[in-house]
Amino acid sequence: MRVGHAALTSFCQDVLVAVGLDERDAATVAGSLVAADLRGVATHGVLRLPVYVERMRRGLIATRPDIHVVHTGPGTATVDGGNGPGQVVALRAMREAVELAETAGVGLVSVHHSNHFGAAGWFALHAAERGMIGLALTHAEADVVPFGGRRAALGTNPLAVAVPRGDGSPILLDMATSGVAMGKVLLARKQGRPIPDDWAVDADGEPTTDPERVRAVRPLGGPKGYGLAFVVEVLAGLLSGSRSGTEVGRMYHDFDRPQGIGHLLGAIDPARFVPPEAFAGNVDRLAGQLKATPPAPGFDEVLLPGEPEERAEARHRRDGVPIPEELGRELAALGEAYGVRWPG
Ligand SMILES: NC(=O)c1ccc[n+]([C@@H]2O[C@H](COP(=O)([O-])OP(=O)(O)OC[C@H]3O[C@@H](n4cnc5c(N)ncnc54)[C@H](O)[C@@H]3O)[C@@H](O)[C@H]2O)c1
């Protein structure tokens with residue numbers, strides 16, 4: 001099933017308003033989810049709408065959050081997210097980071113008392129579209145085994161860096177520090193298909209290809225991904241004073257408490273380091289060198305970080321966003337419960 005992105009956005013927005021968000025916050029969450037689907041990052045797209053809505057319905061995510069920003073230095077601030085939707089809180093924090101960077105050159109905003117914020121890259125792009133290098137990090141519930149361990153103890157802890165360029169849209173690295181995002185296991189469950197045996201482990205810490213048996217995923221590339229996940233846990237979790245590791249609330253399991261998620265949003269103004277035209281030109285030149293690298297056997301070309309998603313976006317804007325049948329049924333039922341017609 002394919003659904004046009006505008007109709008999909010309106011659907012999500014209307015459901016979110018029906019569960020209690022105001023129009024603007026509903027547009028933010030809906031915009032982030034559909035942007036992920038457009039970029040082919042289906043793991044962080046509308047697949048997440050039902051659990052967000054369920055947590056809002058139960059009062060586990062505040063639908064009218066009281067968000068507090070405290071400036072703690074020329075380029076730093078903390079944000080108490082008021083247990084609001086992660087996208088609403090993190091976008092507010094990124095706006096703050098960009099404003100700080102406009103005067104201080106660098107803005108770093110540490111966020112606590114927030115929730116799952118979807119795809120990290122969406123926030124990093126917000127800064128890059130304003131000429132800044134954007135950083136977005138979040139910790140997450142413990143879904144990843146530490147290198148050498150049998151049980152999950154760290155989150156899939158993604159990090160995103162968006163780099164503005166002179167010629168064309170920003171270059172975006174947006175990656176989980178696990179081998180795969182847990183959302184890929186969720187998607188395989190929804191699609192009823194097996195997963196590769198090196199993605200995840202079962203309750204005994206043994207590799208499994210059955211997405212239903214998955215209890216944890218593996219860190220990206222062994223000890224290095226584990227180390228990166230640790231660093232993100234420190235920068236997004238500990239630095240914000242949030243609970244960390246196994247103490248983070250589980251989005252799909254803990255329906256008795258909020259998640260208590262922390263993020264770090266950052267903006268760097270390149271003009272404080274090198275002349276801005278020189279920086280933009282140098283990014284373009286580096287990109288050109290990478291693109292000009294002869295492809296290795298089995299490859300057609302070298303892609304820049306974010307390029308696969310940019311191409312997916314062009315296709316999905318034209319042809320509509322692909323929605324697996326089972327997810328379509330789930331969203332239609334959700335819409336019915338809130339009096340919103342499913343456009344699929
Ligand atoms: N909110 C959360 O708790 C949370 C947790 C984990 C992941 N996520 C999100 O999940 C999403 C997916 O993460 P992922 O790690 O599965 O992404 P991924 O593995 O699909 O891609 C990771 C990065 O590699 C780049 N890439 C992929 N193929 C490439 C190629 N051939 N050449 C050059 N670059 C290439 C992509 O552009 C991307 O920047 C991200 O948006 C991430 O922020 C969110």
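Colleague: In what sense do strand β5 and strand β6 pair, and over how many bridges?

Modeller: Two strands pair if DSSP finds at least two bridges between them, and strands are DSSP runs (E, at least two residues; helices are H or I, at least four), numbered from the N terminus. In this predicted model, strand β5 (residues 133-138) and strand β6 (residues 159-163) pair in the antiparallel sense over four bridges. Gly-134 stands opposite Ala-162 in β6.

Colleague: How many bridges join β6 to β7?

Modeller: Five bridges join them, and the two strands run antiparallel. Val-161 stands opposite Leu-173 in β7.

Colleague: What does the model status imply for reading such features?

Modeller: This is a predicted model, where local features need pLDDT of at least 70 and side-chain atom pairs count only at pLDDT 80 or more, while totals for chains, interfaces and linings use all residues. Residues are numbered from 1 along each chain as its sequence is written, and side-chain values use heavy atoms, with hydrogens and water left out.

Colleague: Which residues come nearest to the ligand?

Modeller: A residue is near a molecule if one of its heavy atoms lies within 4 Å of it. Of the 24 residues around the ligand, the nearest are Gly-118, Asp-174, Ala-176, Gly-306 and Glu-309. Strand β7 gives the largest share of the shell, four residues.

Colleague: Which polar side-chain atoms lie by the ligand?

Modeller: A polar contact is a pair of N or O atoms within 3.5 Å; within protein, one must be able to donate a hydrogen and the other to accept it, and residues adjacent in sequence count only if both atoms are side-chain atoms. For Glu-309, a polar side-chain atom lies 2.6 Å from an oxygen atom of the ligand. An N or O atom in the side chain of His-44 is 3.1 Å from a ligand oxygen, and a polar side-chain atom of His-116 lies 3.5 Å from a ligand nitrogen.

Colleague: What is the sign of phi at Asn-83 and at His-113?

Modeller: Most residues other than glycine have a negative phi. Phi of Asn-83 is near 60°, a positive value, and phi of His-113 is near 65°, also positive. Asn-83 sits in the loop between β3 (76-80) and α4 (86-104), whereas His-113 lies in strand β4 (residues 106-114).

Colleague: Is Asn-83 buried or exposed?

Modeller: Buried means under 20% relative accessible area, exposed over 50%, partly exposed in between (1.4 Å probe, protein chains only). Asn-83 is buried at 8%, and His-113 counts as partly exposed at 35%.
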